[in-house]
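Work through these exercises with the sequence and the 3D view side by side. Try each task before you read its solution.

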Amino acid sequence: MTGDFKIILIPLLPLLSFLLLGLFGRKYLRESSGLIGTLSLLGSALLSVFTAYNYFFVTGKVNGIYQPLVVLQQTWLEFSPGVSIDMGMMIDPISVMMIVIVTFVSLMVHVYSLGYMKGEERFATYYAFLSLFTFSMLGLVLSSNIFQIYIFWELVGVSSYLLIGFYFDRPSAVAAAKKAFIVTRFADLGFLIGILVLSFGAETLDFRTLIERLTTATPQLHGMITTSFLGFSSLTWGLLLVFAGGAGKSAMFPLHIWLPDAMEGPTPVSALIHAATMVVAGVYLVARLFPVFAISAPGALHVVGYVGALSALFAAVIACTQTDIKRVLAYSTMSQIGYMMFALGVSGYGGEHGLGYMASMFHLFTHAMFKALLFLGAGAVIHYVHSNEMEDMGGLRSKMPVTHLTFLIACLAISGIPPFAGFFSKEEILTAAFEHNKLIYGIALFTSGLTAFYMFRLYFNIFWQKDFHSELSDHHGEGPWSMLVPLIILGALAVGAGFVPFSHFVTSDGKELETSVNIVFSVAPVLFALTGILIALRLYKSENETPARLANGFGSFYQGALHKFYIDEVYLFITKKLIFNLVGRPSAWIDKNIVDGGVNLSADLTEDTSGLIRNWQSGNLQQYAMWFFAAIIGLVMVFMSVWK
Amino acid sequence: MEVTLNHILFLSTALFFIGVYGFLTRRNVITMLMAIELLLNSVNINFIAFNKYLYADKLDGVFFTLFLIAIAAAEAAVAIAIIINIYRNYKSIDVDDVDTLKW
């Protein structure tokens, strides 16, 4: 094994902690499991930060361009000389950024869970699953070839399934876990076919070779462009199918239905997996193959752009009507990921045109911070109130000062109010959209207003409006230090993350990009956001009749949004009515009557025949002897008549 | 009267069918074992007779007979061991009681 051991250790530490806690946690390490998980993550996080520093400031830059570095390359399955699947680790700007985000948010969630999950029956199992997830996610972002990313892709899917279904005694959690797994698995089918198409065309699985072959004039690229199927080239098909996988994981319309239900999992898990890390894997995947999208298949990139924009708007509208605070946050996550997607969609490759790419990654970075903060804050509120519903909350600002302040910061950040983190990244995204596609820009602008509105609707409903009284809640207070410290750290980052000169580090072609905040351009989005906040302030700061009247005014549109535009019902109709009746039942009939019938027939025949002859076996020795002698005499007779 | 081959074959055939009759009719396992000995010995007589009357210059029949006697002794030992075990399990050596080995 060659390579930098420090980097290899980053995913290895969580894996070790998973094995340790998974095997011995429940019996021997009950009390210390949280500490073990947290410490191993702390090690990983420190190593990641060190790696990032090393890469961005020491080793990464060659001639002013950040180069991908291969840390580890190992042949794993060799089918024949030249045809093999490798396992490797590659670091480049986006993967370095991702390992920092993943280890950092995961560390915060580990610390937070020390308080939040305290006294839980399956405490050690919980930490084992968290470690498994962190390992898989790190493996995913460090993958050096497209097949390896698929393996880790499924692993994060499994750990997400395990964690959503953590409270497996609740039927709704079990259903949500299954739904998440099946929907993403269905999308992954597209991903797998996409991988096969791309790697067959490019004749390689390795990312660097694949990107090089499919972006310059090579026979492989020529072959993929000229082969066409149903009007698209095989390259476009491959990329679209890969995007389908990404859309499933990233909850893009219409594969988003699993994400709101995934909120059945413990809240810290929602913060880690369903807000900050796993759900951005789809964005990461598109970013990983971005040169191919941008240079060779702009058509596929347009699809990415429109799907992203549609999801952003669609989710934002639904978020305005939901009453479960975690569901509001789930739709807001979907909306923000839509932002990242369409930012990639409107981006070109290289230099100024690559602004969208950089903006998307920047938003991924800042979003991870403030969305994790929102979820952890929501977790603290739920911990205090013992309910997910807005109805049961209100006036918590004096009872939970730390949560209140950090939640407010996060709301301002996600709404894009300067100088909070979200402002800078959203600004870049809107600039990129404005330059390349006015329609998407319009959608994005409107959505940012909606975002501010629903976030502050949430904020006012939780912390203002009516007064909250509960003996039980007063008794345990805001929460232990282990829950508050992550809130404070993330709160500080939600303020400060926007000031990172991100365009110097992560760009589409590895060169530095100069960006500046254009004051005139910022006026429109900030105005939209402020309008959203003011409307929310007017409607929700104190209890009044206006929201109900407004809901009535919107009539069927409001009802539609409240019921998530009946997408779940459409899925149910397609699966239960169409697929079950037209495919499921006939195949069940064939299976029961023809396949099983054939097997049963042969079994019945055997039974009947043996029933006939089994009486010969009486167990009576002398009867056997009788038959024996009779047979011998018979045989002798036969022989004598043949050989006279 | 001279004893011919036919006389001896008659004797051995008679002995053989006495053995068969005993084997098929007796219910006592030990008696059945004795019947088997009769069967074996009728074969022995055949061997000796054929050897003496047809191939007087050879000893093959005699050797076979010796082998058969040895084997019969071994078989008796095994059979009696089995009978003892049957008795321990069924408290009986009546062959009609031992009929569990069937479908």
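H3(B) is hardly covered, with 0 buried residues among its 31 residues. Here helices (H or I, at least four residues) and strands (E, at least two) are DSSP runs, numbered from the N terminus. A residue is buried if 20 or more other C-beta atoms lie within 10 Å of its own, exposed if 12 or fewer, and partly exposed in between, with C-beta atoms placed from the backbone.

This is a predicted model, in which local features need pLDDT of at least 70, side-chain atom pairs count only at pLDDT 80 or more, and totals for chains, interfaces and linings use all residues. Residues are numbered from 1 along each chain as its sequence is written, and chains are lettered from A and ligands numbered from 1 in the order in which they are written.

**Exercise 1. Check the length of H3(B), then look just past its end.**

Step 1. Take the expected span of a helix as 1.5 Å times one less than its number of residues. For the 31 residues of H3(B) that should be 45 Å. The end C-alpha atoms are 44 Å apart, which agrees.

Step 2. Move to the segment after helix H3 (60-90) of chain B, where Lys91(B) is found. Its phi is near 55 degrees, a positive value in a residue other than glycine.

Step 3. Judge the surroundings. Lys91(B) counts as exposed because it has 8 C-beta neighbours inside 10 Å.

**Exercise 2. Describe the overall build of chain B.**

Step 1. Count the elements. Chain B has 3 helices and 0 strands. Along the sequence the pattern is α-α-α.

Step 2. Compare the spread with a globule. The radius of gyration is taken over C-alpha atoms, and the globule rule is 2.2 Å times the number of residues to the power 0.38. A compact globule of 103 residues would come near 13 Å, but chain B has 17 Å. Its C-alpha atoms fill a box of roughly 50 × 25 × 25 Å along the principal axes.

Step 3. Check burial. Buried residues make up 8% of the 103 residues in chain B.

Step 4. Pick one position. Ala14(B) sits in helix H1 (residues 5-25) of chain B. It has 11 C-beta neighbours inside 10 Å, so Ala14(B) counts as exposed. The C-alpha atoms of Ala14(B) and Ser42(B) are separated by 8.3 Å, although the two are 28 residues apart along the chain.

**Exercise 3. How many residues of chain B are in contact with chain A, and how do they divide by type?**

Step 1. Apply the contact rule: two residues are in contact if their C-beta atoms, placed from the backbone, lie within 7 Å. By this rule, 10 residues of chain B are in contact with 10 residues of chain A.

Step 2. Sort the chain B side: 6 nonpolar, 1 polar and 3 charged. Ala, Val, Leu, Ile, Met, Phe, Trp, Tyr, Cys and Pro count as nonpolar, Asp, Glu, Lys and Arg as charged, and the others, Gly among them, as polar.

**Exercise 4. Find the centre of the largest nonpolar core.**

Step 1. Define the set. A nonpolar core is a set of buried Ala, Val, Leu, Ile, Met, Phe, Trp, Tyr and Cys residues joined through C-beta atoms within 7 Å.

Step 2. Read off the result. The largest core has 214 residues, and Ala372(A) and Ala494(A) have the most contacts inside it. Helix H16 (residues 355-385) of chain A gives the most to this core, with 21 residues.

Step 3. List partners. Beyond its neighbours within four places in sequence, Ala372(A) contacts residues including Val105(A), Met108(A), Ala271(A) and Leu490(A).

Step 4. Set this against the whole chain. Of the 644 residues of chain A, 52% count as buried.

**Exercise 5. Is strand S3 of chain A covered or in the open?**

Step 1. Count burial. In S3 (residues 69-80) the number buried is 1 of 12, so the strand lies largely in the open.

Step 2. Find the partner. Two strands pair if DSSP finds at least two bridges between them. S3(A) is joined by 9 bridges to S4 (residues 83-91) of chain A, and the two run antiparallel. Val70(A) stands opposite Met90(A) in S4(A).

Step 3. Inspect the turn. The hairpin has 2 residues between the strands, and Gly82(A) takes a positive phi near 95 degrees there.

**Exercise 6. Locate the unusual backbone in the loops of chain A.**

Step 1. Go to the loop between helix H9 (234-249) and helix H10 (258-261), which holds Pro254(A). The peptide bond from Phe253(A) to Pro254(A) is cis.

Step 2. Go on to Pro419(A), in the loop between helix H17 (401-415) and helix H18 (421-436). A cis peptide bond joins Pro418(A) and Pro419(A).
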